[in-house]
Amino acid sequence: MTAISPPHQHTAPFPPAPGRARITPVAALTLIALGAAPVLGLWWQDTTFVSGTGGLLTNAGRITGLAAGYAVLVVLALMARVPALERGVGADRLARWHAAGGRYVVSLAVVHTLLIVAGYTVEGHTGLLAQVRALLTSFDMLMATAALGLFLLVGVTSARAARRRLAYETWHLVHLLTYLAIALTFTHQFSAGADFTDRRVQVVWLALYAVVGTLLLWYRLLTPLLNLTRHTLRVESVVPHGTDTVSVTVRGRNLARLDARPGQFFRWRFLTPGLWAAANPYSLSAPPAGDRLRITVKTAGTHSAALAHLRPGTRVLAEGPYGSFTGDLDRRSSRGRASGKVLLIGIGIGITPLRALFETIPAAPGGLTLLYRARDTSDLVLWQEIQQIAAARGARLEYLVGDRRSTDHLSRRQLRYLLPDLREHEVYLCGPDELVGRVIHNLRREGVPRAAVHHESFTF
């Protein structure tokens, strides 16, 4: 099913974002690496010699403990919603780094525990069980053990196989236990950490945690509350699309100050019973228009299903905007800017941010294409708006409909067939992780440069 419209005068692209501070991925990774060096240097400074198997095990445990403490700081900072990081690195990449960092924290904490117990056992010439019992007689060690259990629980529920079976709200609630685990380990570091006996080291360590805690408090709590009073967001309308998808329009004041871009998302908290406790991420499904923002949500859990029953006038607390999945020219590769050709690929409900980009992203005349992949025609949402945009912009629109198991939609062969000049395009891609990863692989095999592929994930 294809709709190709003749050239027509189209709406002006959304203006490029004003120059704002950005921390690039390279700069962020460099800062993380530079911060790790002095932390591990604490062990070097406090260690004059290491002897025997017990000493080797214990000192390896000290090193992994220091690394775990630093990794916790990094993981928290990555998800503090710092605007410079969100704009420069992108929320999707930050989430992947956060997930990887979380795995490092859990692994380092487990290895630290095993090495310390083994080292004390060898040095004390005691049995393993006797050493464990001796350690657990200390209240500090009991708290550290509880923290390790919480880290393991969060790690298990964050594994991909577990996430597929958990509602976002359940996963989010369990994830909040991380803060309790960190609080328990913080006291353990000072009471049992051999590298924190120096008063100056304690002050610096406290300052690092205080800075990260302040960032979390400011950007994840106080800023949304300020936006609530500053913009007075309220639900204006709820429009159903079929049986399992709705568009929610939110109205407020002075929304231009948010500087929201097509392709970005907010974390929405609807202040009504059953919804106020969770802030769920939903992308804008249309460019910001005056005093209105719109999201389009497909039922995937308790929270998203409840949006269909929102009442006009419900107050809304929004965190954001987040993400670098935008059409700003300074975020695009040199090849894409030179050719002016842009390819948008929306898979399922991943069409929502792409619908906003389809209307606004700069492209050469006749150089804009949207591929919309869905399992069934009933799953095509916002298709009337999308066809109107295609007609207005003289853009190419292709619907790729069919069961994913029985078709080769978005395969290398089909991509070549639809776009023989595929490698000249800037590509924006959004949808489920598994399918997005497969399409990215096909694009790279067809010669599309890595820098020209931009993608957004809907995985929490």
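The legends below accompany close-up views of a predicted model.

**View 1. A three-stranded open sheet with antiparallel pairing.**
The sheet is built from 3 strands in the order 2-3-6, and it is open, with antiparallel pairing. Strand 2 (234–241) and strand 6 (292–298) occupy the edges and have a single partner strand each, so one side of each remains without a neighbour in the sheet. Averaged over neighbouring strands of this sheet, and with direction ignored, the turn of one strand against the next is 20°. In general, the strands of a sheet pair through backbone hydrogen bonds, in either a parallel or an antiparallel manner.

**View 2. T245 and its surroundings in strand 3.**
Strand 3 (residues 245–251) runs antiparallel to strand 6, and 7 bridges join the two. T245 belongs to strand 3, and the residue standing opposite T245 in strand 6 is K298. With a relative accessibility of 3%, T245 counts as buried, because the cut-off for a buried residue is under 20% relative accessible area. The side chain of T245 also takes part in a polar contact of 3.2 Å with the side chain of D244.

**View 3. The salt bridge between R292 and D291, and the network that includes both residues.**
R292 and D291 form a salt bridge in which the closest N and O atoms are 3.1 Å apart. Both residues are partly exposed, R292 with a relative accessible area of 32% and D291 with one of 21%. Salt bridges that share partners connect R292 and D291 with E236 and R251, giving one network. Side chains of opposite charge can, in general, pair when their charged atoms come close. Over the whole structure, a search finds 18 salt bridges.

**View 4. A salt bridge between two loops, formed by D421 and K341.**
The side chains of D421 and K341 meet in a salt bridge with an N to O distance of 2.6 Å. D421 lies in the loop between helix 15 (412–418) and strand 11 (426–431), while K341 lies in the loop between helix 12 (334–339) and strand 8 (342–347), so the pair ties together parts that are 80 residues apart in sequence. D421 counts as partly exposed at 24% relative accessibility, and K341 likewise counts as partly exposed, at 21%.

**View 5. A salt bridge within helix 13, between E359 and R355.**
In the salt bridge of E359 with R355, the closest N and O atoms are 2.6 Å apart. The two residues are 4 residues apart in helix 13 (residues 351–360), which means that about one helical turn separates E359 from R355. E359 is partly exposed, at 22% relative accessibility, whereas R355 is buried, with a relative accessible area of 8%.

**View 6. A nonpolar surface patch that includes L221 of helix 10.**
L217, W218, L221, L222, L225 and L226 make a nonpolar surface patch of about 500 Å². One of these residues, L221, is found in helix 10 (residues 199–231), and at 43% relative accessibility L221 counts as partly exposed.

**View 7. G65 of helix 2 and its separation from V110.**
G65 is placed in helix 2 (residues 52–78) and is partly exposed, with a relative accessible area of 23%. Although G65 and V110 are 45 residues apart along the chain, their C-alpha atoms are separated by 9.4 Å.

How values were computed: Residues numbered from 1 in each chain as written. Predicted model: local features only at pLDDT ≥ 70, side-chain atom pairs only at ≥ 80, totals over all residues. Heavy atoms only, no water. Patch = residues over 30% accessible without salt bridge, like charges linked within 9 Å, V, L, I, M, F, W, Y side chains within 5 Å. Areas by Shrake-Rupley, 256 points an atom, 1.4 Å probe, with all protein chains shown as cover. Salt bridge = Lys/Arg side-chain N within 4 Å of Asp/Glu carboxyl O. Buried < 20%, exposed > 50% of the residue type's maximum accessible area, 1.4 Å probe, protein only. Pairing = 2+ DSSP bridges. Axes fitted to C-alpha atoms, helices over the stretch in contact; angles between N-to-C directions. Polar contact = N/O pair within 3.5 Å; in protein donor to acceptor, adjacent residues only side chain to side chain.
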